[in-house]
Amino acid sequence: MTYRISGRTGAVAAVLGAALLVPAVTAAPASATTPAVSCTSAKTGLADKLKKDITAALANRKGTVAVGLYDRSTKTTCTLRATSAYDSASTVKVTVLATLLWDAKKHDRYLTSTEQTLAKAMITQSDNTATSKLWKQLGMTKIKGFLTAAGMTKTVPGTDGYWGLTQENVTDEQKLLKLVTAKNSVLSDNSRAYILKLMGQVVSDQRWGTPAGAPSSVAVHVKNGWLQRSTHGWRVHSLGTFNGAGHDYMISVLTQDNSTMSYGVTTIQNVAKAIHKDLVPTTSGALRYTPTSRPSEATVAVPPQG
């Protein structure tokens, strides 16, 4: 089969305006309306601890942050701005792979060698050209079909080939990660294992974000994304699933209005460290995952107007 890369016009738009770097004089009234972290858990005391520690991790951090946590083993859920929409950047690549596998299952076929090559590059290296090929091959009908099957009702695919401008929220990303990590009728067991395998093979300089602080006893699977635009500054996102030490949990953190990419990465990693520490306590001095100090990701094409 022959594939044609969809057009990727334009460069990332203008640098952030200086206004975003200046503390707002109306900070006090604005903070009064800031949504609070909400947590529930079947384990006594865990919900309150997570709420307190996630809130503390976000204290004095600028930007707009959405958080989703679900741990099957303790029936723990935490949310913050779970229904707020964000440009997906490269996190949508997990959805693209899930759509490809869902469609292959419907037609009772294996992925072709070309599809496997593209999928591996898309997830492990965040290759944009591979993503554009698969996005174009699948088409909007199949992508929307998967979103419907997955119950991802608030996810809106980007138009004109701009998959990085797909609108997503924490609620839908957590639904996706739940599908990837437990038996269901949407994705086959082999498909789920394949997605997790590739998310576990992401190159080291892209394994930042939600894995930060994960104990060595927990297997890490991650997909990140970032995107700078002329409005809302840097979007920096991280999706992660974690399994081991008696736990099976997933974390989605979506952020925007960051002054730089690294600022957004730090915000995400502060949240992740708090979550891992509370969910999977370890003895002092135990090894915890430390991401690269030079995080990288592939730049996503956006329209010229930014």
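Which residue takes a positive phi in the hairpin of S2 and S3? In this predicted model, that residue is Lys75, with phi near 50 degrees, and the hairpin has four residues between the strands.

**Around strand S3**

Let's stay with S3, since two other strands pair with it. Strand S2 (residues 64–71) runs antiparallel to S3, and strand S1 (residues 38–40) is antiparallel to S3 as well. Here is how the two pairings look:

| Strand paired with S3 | Bridges | A residue and its opposite number in S3 |
|---|---|---|
| S1 (residues 38–40) | three bridges | Cys39 and Cys78 |
| S2 (residues 64–71) | five bridges | Gly68 and Thr79 |

Now for the side chains. In a regular strand they alternate between the two faces of the sheet. Strand S3 (residues 76–80) shows this pattern: Thr76, Cys78 and Leu80 point to one face and are buried. Thr77 and Thr79 point to the other face and are not buried. So much for the pairing partners: Cys78, the residue opposite Cys39, is on the buried face, while Thr79, the bridge partner of Gly68, is on the other one.

**The second largest pocket**

Moving on to the empty space, the second largest pocket holds about 340 Å³. Helix H3 (92–106) and helix H7 (189–199) are the elements that give two or more residues to its lining. Among the lining residues are Leu101, Ala104 and Lys105, along with Asp108, Arg109 and Tyr110. Asn190, Ser191 and Tyr194 also line this pocket. By character, the lining is a mix: five residues are nonpolar, four polar and three charged.

Terms used
Residues numbered from 1 in each chain as written. Predicted model: local features only at pLDDT ≥ 70, side-chain atom pairs only at ≥ 80, totals over all residues. Heavy atoms only, no water. 1 Å grid on protein atoms, 1.4 Å probe; cavity = no way out; pocket = protein on both sides within 12 Å on 5 of 7 lines; lining within 4 Å. Points joined across faces, edges and corners; volume = space filled by probe spheres on them. Nonpolar A, V, L, I, M, F, W, Y, C, P; charged D, E, K, R; others polar. Buried < 20%, exposed > 50% of the residue type's maximum accessible area, 1.4 Å probe, protein only. Pairing = 2+ DSSP bridges.
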